[in-house]
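Trainee: Please pick one part of this model and go through it closely. I would like the terms explained with their cut-offs as they come up.

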Amino acid sequence: MLLWRTCLRLSTRCVSDTPGTPTPGEATSGEPAKFIKKDKQTYNARKRTLSNLQCLNGLLDTHSRNLRPQKPTATVVDSMEEDFFNVKSLFTLRELYDAKVHMGHHMGCWYESNRRYLFGVRNNMHIIDIAATEQHLWRALNVASCVALAGGRILFVDLRPGLKDIAEAAAAVCGESSQTTDTRRKGEMLHGVDDLWTTKPDLVICSNVNHDGAKALLLACNKYLVPSIGIVDSDVDPVNLTYHVPGNDDSRESLILYHKLFAKAIIQAKKSLQAAHQTEPDSMLHGKATIDHFAH
């Protein structure tokens, strides 16, 4: 980009009028009249070239300004969604900090598109802005509550063997389903479509977006217009997600907090739905799983 702009400016200087150049249409002393018309045509051509170069240079300057990363303000997300389900009372910034939500990955392993979610660097590790996490998590919890209130199905996804019990517990607590095993056969790239047809979810909540199986599932969500919520660590590509929640996706403490909040929001929405229909509350707890399970 800098090379292009330098070349354009040099070209602009080359085609600009040189001091002392006679005005086209006026012959200098001793200049034959037959060259006047030719000089005027050359002047007009140079003038048009100069105008085009200046216009292109302005477009490049505008494009370069648009590419500069800008830190989002607190009102950007707040103006997008209102707190319809009072999810702001479910957690505090201190709880996010204690759960290590702000801990990102090494500064050499990150996606440029996540720059707006980063607070800075400490000991060569990216620090995630938990203020941005708070705002995006409010919106994600409102989305999950809205889907639950409408009677939709929610699918929790985490395909890591050591952490899948958290997603399974969250799904069991709020009466939803979970996908914690990679159903792809060896050498198979995509199997997310079959997973979607099996569960038929109205919302997917994924906490390990970088997993190949999760990528296939999220790609199928985009294809069939199924909204998705994903935890976006500094090394996560958020391109296939509908709603982003910037935060640590490797710490067990942070994953427990995420799933506990989503489970609480879904249960509150289902209770509101039951109260609206004035029906006897069905049990939303399956087996022995309760929210207290996340404390262990």
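Mentor: I will go through the sheet, the helix packed on it, the nonpolar cores and a few single residues.

This is a predicted model, in which local features need pLDDT of at least 70 and side-chain atom pairs count only at pLDDT 80 or more, while totals for chains, interfaces and linings use all residues. Residues are numbered from 1 along each chain as its sequence is written, and side-chain values use heavy atoms, with hydrogens and water left out.

The protein chain has 9 helices and 8 strands; these are DSSP runs numbered from the N terminus, helices being H or I over at least four residues and strands E over at least two. Of its 296 residues, 41% count as buried. Buried means under 20% relative accessible area, exposed means over 50%, and partly exposed lies in between, with a 1.4 Å probe and protein chains only. A contact means heavy atoms within 4.5 Å. Among contacts in the protein chain with a separation of 6 or more, 68% are between residues 24 or more positions apart.

Now the sheet. It is open and has 5 strands, in the order β5-β4-β6-β7-β8, with parallel pairing. Its edge strands are β5 (177–179) and β8 (243–246), each paired on one side only. On average, neighbouring strands are turned by 20° against each other, direction ignored. Two strands pair if DSSP finds at least two bridges between them. In general, the strands of a sheet pair through backbone hydrogen bonds, either parallel or antiparallel. Between β4 and β5 the parallel pairing runs over 3 bridges, and V157 stands opposite Q179 in β5.

Helix α8 packs on this sheet, where it touches β4, β6 and β7, and its direction makes about 155° with that of β6. Axes here are lines fitted to C-alpha atoms, for helices over the stretch in contact, and angles run from 0 to 180 degrees between N-to-C directions. The helix covers residues 212–223, and its 12 residues should span 16 Å at 1.5 Å a residue; the end C-alpha atoms are 17 Å apart, which agrees. The expected span is 1.5 Å times one less than the number of residues. Buried residues of α8 are G213, A214, A216, L217, L218, A220 and C221.

C221 has 0% relative accessibility. Its sulfur is 8.7 Å from the closest cysteine sulfur, in C206, and is therefore too far away for a bond. The structure holds 0 disulfides, a disulfide being a pair of cysteine sulfur atoms within 2.5 Å.

The loop between α8 and β7 contains L225. L225 is not a glycine, yet it has a positive phi of about 60°, and it is exposed at 75% relative accessible area.

Next come the cores. A nonpolar core is a set of buried Ala, Val, Leu, Ile, Met, Phe, Trp, Tyr and Cys residues joined through side-chain atoms within 4.5 Å. The largest one has 40 residues, and L141, F156 and F262 have the most contacts inside it. Two or more residues of this core come from each of α5 (130–149), β4 (154–157), α6 (164–174), β6 (203–206), β7 (228–232) and α9 (252–277). The largest share, 11 residues, is from α9. Apart from this core lies another, of 15 residues, including L159, V204, V209 and L218. Nonpolar side chains tend to be buried together in soluble globular proteins.

F156 shows some of the surroundings: beyond its neighbours within four places in sequence, its contacts include A167, A170, C174, Q179, I205, H259, F262 and I266. C174 is itself buried, at 0% relative accessible area.

Finally, G247 is in the loop between β8 and α9 and is buried, with a relative accessible area of 0%. Its C-alpha atom is separated by 5.8 Å from that of V232, 15 residues away along the chain. Not counting residues up to four places away in sequence, G247 touches V101, I128, T133, I231, V232, D233 and Y258.
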